[in-house]
Amino acid sequence: MMMSASLGPLNAVYPSPTNPGFPPPGYVTPSAPPMMPAPFGHPNAVYPAPTNPGIPPVPPGYVPPPVPAVMPAPFGHPNAVYPAPTNPGIPPVPPGYVPPPVPAMMPAPPPDLRPTGCPPGLEYLIHVDQLLVHQTFHLAELLGWEVRNSYNVKNSIGQQVFLAEEENNCCTLQCFGPSRPFTFHIQDNLGQEVLTLTRPLACSYCCFPCCLQDLEVQSPPGIPIGYVVQECHPFLPKLTVLNERRQPQLRIKGPLFFCSCCRDVTFEVKTLDDSMLIGHISKQWSGFLREVYTDADHFGIVFPMDLDVKMKAVLLGACFLIDFLYFEERKGDKKH
């Protein structure tokens, strides 16, 4: 038997310290964690999740929405997708909505809105700055047979404004062709004649300056409101627009060469001193078959909105005269 080492030597056994009154009876000593957590700043340190004040905690079982595969392009980028514009106070269009069709005929303006000096029926032209003139196609033209011309006059949105019908006899049509005299009756959508165009038989070549073309525009029928007179020029097609007192108001000048294949032919409408362009009358290309085999032409007339309605009506008559002088005759030469 060996004697225990005394206090002080290296192998001495000390009694465990005791705390009076601790631990109480039945106390279970907690188990120590397997590893001490790394302090803040250590590479393996674990930080508590940040909290956002005012935002409730995520409920159990919450599944976050999926992240889009491609981040949307920011505003200003060529591929950016912008929200559909909304009109405040206007309800959204319901699915399957079909807008109502545009009326085929231009509605008649109220008679009480017709200004002083405006002939009856010309109030259609007050708020119009563009007219489309479409000639009606006739099957007899394919056989080289000359027929009476008719035109459908529309506004810029395709509504019919006037309907023009030529008055002529068969003998005059076949003997004189495009150089024939004519009378056009232009009716509104109510069937009332609002314009009458009269062209006497005359020469269209500058070698006879005293017998050039002269078109009279009447509204109502029997009361002249203007004239379109052909000017004598060796190269350029020129016309002068006159008022009811035969005073010059506007001048129409065409191109030197007529090349209407796949392009428009434009006649400029200018002031008398040629200093300002105020509109034009253009013969529009209407397709190869229609241009070659028929006389059916399409025209567009552009003029200022505030132009006198009488001058607008005279420019409409000038469109018909231009068709007979420079386009009907060319097609007549091809047929004959």
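## Strand pairing

Two strands are taken to pair if DSSP finds at least two bridges between them. The model described here is predicted, and three of its strands illustrate this rule: β10, β11 and β12.

Strand β11 covers residues 277-284 and pairs with strand β10, residues 265-270, in the antiparallel sense over 6 bridges. Within this pairing, Val265 stands opposite Lys283 of β11. The hairpin formed by β10 and β11 has 6 residues between its strands, and Asp274 in this hairpin takes a positive phi near 60°. Strand β11 is also joined to strand β12, residues 298-302, by 5 bridges, and the two run antiparallel. Here Ile281 stands opposite Ile301 in β12.

## Aromatic contacts

The model contains 10 aromatic pairs. In the pair of Phe184 and Phe324, the ring centres are 6.1 Å apart and the planes meet at 70°; the pair is therefore edge-to-face, as planes over 60 degrees apart are counted in that class. This pair links distant parts of the chain, since Phe184 belongs to strand β4 (residues 182-187) and Phe324 to helix α3 (residues 309-335), with 140 residues separating them.

Phe184 and Phe324 are both buried. They also belong to one aromatic cluster, which is formed by Tyr151, Phe182, Phe184, Phe320 and Phe324.

## A charge over a ring

A further contact involves Arg246 and Tyr227. The charged end of Arg246 sits over the ring of Tyr227, at 4.0 Å from the centre of that ring.

Key
Residues are numbered from 1 along each chain as its sequence is written. This is a predicted model: local features need pLDDT of at least 70, side-chain atom pairs count only at pLDDT 80 or more; totals for chains, interfaces and linings use all residues. Side-chain values use heavy atoms; hydrogens and water are left out. Rings of Phe, Tyr and Trp (its six-membered ring) pair if their centres lie within 6.5 Å; planes under 30 degrees apart count as stacked, over 60 as edge-to-face and the rest as tilted. Helices (H or I, at least four residues) and strands (E, at least two) are DSSP runs, numbered from the N terminus. Buried means under 20% relative accessible area, exposed over 50%, partly exposed in between (1.4 Å probe, protein chains only). A charge sits over a ring if NZ of Lys or CZ of Arg is within 6 Å of the ring centre and within 35 degrees of the ring normal.
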